[in-house]
Structure formats: structure tokens, C-alpha cells
Amino acid sequence: MAPAHWSPLQDVLSECGSGFAMHCPAIPGHGGVAPSPGWRPEALADRWVDTYPNRVWIGWSLGGLVALTAAQRHPERVRGLILIGATPCFVRGDDWPHGMSRAQFEAFRAQCLADPRGTLIQFTALQMQADRRGLTGLKALRAQAANAEAPDPLGLQHGLDVLETTDLRASLSAIPCRTLWLTGDGDSLTPPEAASWAAARQPRGQARTLEGAGHAPFITDPSTLAGHMLPFIEDLDTP
């Protein structure tokens, strides 16, 4: 996905007069940024925390791994975390039931290699599964995609490599800042159970399930999402 997909949430924040400026850097291979083979969340976290120090980090899906990494590596420079449709570990394992099965993941990777554009269309539809906005949400997401630069096929592969090999479960207890996990109850990619598990293992984590939402609520229902985000941000400096 590309930074342009955040525009619905940016519009809502502007309309409500929050006074917040939202910066949306692109992951390598997305939003017109060149692919970077072998990139890791640590490298992006280190770079972006220098560019945006003492900010609240909002991470969605793959971006959630970068945000978690930043808070773990630079606790004094991350004010708080808001994680949307995120998980500390995407792929299911013997000790982790809240992820995508390895067979499903490998099938998705193979589809992406064979037909990147078709896979993106399928991924878009998958994000809308069980979203109460259904067709309306799908149209909104596709409209955002039409206005954004398409990801580079190599960038997609590199992102999948990160999803497959990153497991941040063991580092959750080392993240001291307040963290708000927001997951749609219809999210078929990152289930609410993953967020609840993760929040319970953080010193200051909390998880909320968004009723009737899928994997991309910042596009399909940005007003409801902002209603959870703004009080959290405003309370960050209270003891």
C-alpha cells in the first residue's frame, strides 16, 4: 500500500481540528519508493525515529512491525503506539495459533510472484471480508488504490519476506510506552486475538476490537477510528 491510502484519516483529523500533523513515509517498494532488497524493520525504525523524534507512531499491518521495533529500540523517542490491524507475528506456528498458516502464506507468495496485479486485487477484496461497509468499503479502497502509485513487484516480495521472518513476541515486554491495538472483528488477516495477546504482555498495552470492521478501518471508517485515537493521544502525558 502507499501513503495516499491514509488520506481519509488525515481528512478526518483535519476536520475535527485536532491540530495534529500526520506524516506518512513509504515502505521500500511502495508509494514510488525504490525497492530495498533485504530491508528489515530495524533499519526503517532507526531512520524514521531520527526524522520524526518524539512522535506517536501509527502502524498498520506490515507497518505495525516497524512501529513496534521503533518503540523497542528507541523507547525514549517514541511517545506512544497506535497499531491498526497489526500483530507481533504474522505466520502461525506450533506456539502461535493467531497467525496465517504457512501453507496459506506460501500460496499467497506464489500468487504474488505469478500475478502481482491480480494478487493485489484479491488482497483488496480480502481486506473487506466481514466489513459492515462491504461493497462501499471495497469501492473506497479501490479508489484509494487508483490514486496511489502501484507497489513494485519486487517490493511486494521483500515485504512478504519481512512478514514471514519477523517475530516480535519476545520483545513486547520491553516496550514501555502506551500502546493501543485496534483490530476489526472481521479482520481475516490479523485476528483480534493476536492483538489481545500482545497487549496483555506489554506494560502499558490495551486492545480494542472494532465492531463491523475489516483489515483497513482507516479507509472504510476513519471517523470511528479517529474517535479511538484522539483520546488516547491526548491522554499520553497523563500519569
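Buried here means under 20% relative accessible area. Keep that cut-off in mind, because Asp-221, at 15%, counts as buried by it. One caution before we go on: this is a predicted model.

Let's stay with Asp-221 for a moment. Where does Asp-221 lie? It sits in the loop between α9 (217-220) and α10 (222-234). Its side chain has a polar partner. That partner is the side chain of Thr-224, at 2.7 Å.

Now to charge pairs. Side chains of opposite charge can pair when their charged atoms come close. How many salt bridges does the count give? The count is 8. I'll take three of them.

Start with Asp-46 and Arg-73. Their side chains form a salt bridge, with N to O at 2.8 Å. Asp-46 belongs to helix α2 (residues 41-51) and Arg-73 to helix α3 (residues 62-73), so this pair ties together parts that are 27 residues apart in sequence. Both ends have some access to the surface. Asp-46 is partly exposed at 25% relative accessibility. Arg-73 is partly exposed too, at 39%.

Next, Arg-102 and Glu-164. They make a salt bridge, and their closest N and O atoms are 3.0 Å apart. Arg-102 is in helix α4 (residues 102-114), Glu-164 is in helix α7 (residues 153-165), and so the bridge links parts that are 62 residues apart in sequence. Arg-102 is partly exposed, with a relative accessible area of 42%. Glu-164 is partly exposed as well, at 24%.

The third pair is Arg-109 with Asp-161. Here the closest N and O atoms of the salt bridge are 2.9 Å apart. Arg-109 is in α4 and Asp-161 in α7, so this bridge ties together parts 52 residues apart in sequence. Is Arg-109 buried or partly exposed? At 12% relative accessibility, Arg-109 is buried. Its partner Asp-161 is partly exposed, at 33%.

These α4 and α7 pairs belong to something wider. Through shared partners, salt bridges join Arg-102, Glu-106, Arg-109, Asp-161 and Glu-164 into one network.

So what about α4 itself? First, its length. With 13 residues at 1.5 Å a residue, α4 should span 18 Å. The C-alpha atoms at its ends are 18 Å apart, which agrees.

Second, its faces. Which residues of α4 are buried? They are Phe-105, Phe-108, Arg-109 and Cys-112. Looking down the axis of α4, these buried residues fall within an arc of 100 degrees, so they line one face of the helix. There is a general reason to expect such a pattern. An α-helix has 3.6 residues a turn, so residues three or four places apart point the same way. On the other side of α4, Ala-103 and Ala-114 are exposed. Note that Arg-109 appears twice in this story. Arg-109 is one of the buried residues of α4, and Arg-109 is also part of the salt-bridge network.

Last topic: cysteines. Cys-112, on the buried face of α4, has 5% relative accessibility and counts as buried. Cys-89 is buried too, at 7%. How many disulfides does the count give? The answer is 0. A pair would need its sulfur atoms within 2.5 Å to count as a disulfide.

To recap, the salt bridge between Arg-109 and Asp-161 connects α4 to α7. The one between Asp-46 and Arg-73 connects α2 to α3. And Asp-221, where we began, is buried in a loop.

How values were computed
Residues numbered from 1 in each chain as written. Predicted model: local features only at pLDDT ≥ 70, side-chain atom pairs only at ≥ 80, totals over all residues. Heavy atoms only, no water. Salt bridge = Lys/Arg side-chain N within 4 Å of Asp/Glu carboxyl O. Helix = DSSP H or I, 4+ residues; strand = E, 2+ residues; numbered from the N terminus. Buried < 20%, exposed > 50% of the residue type's maximum accessible area, 1.4 Å probe, protein only. Expected span 1.5 Å × (residues − 1). Arc of directions from axis to C-beta. Polar contact = N/O pair within 3.5 Å; in protein donor to acceptor, adjacent residues only side chain to side chain.
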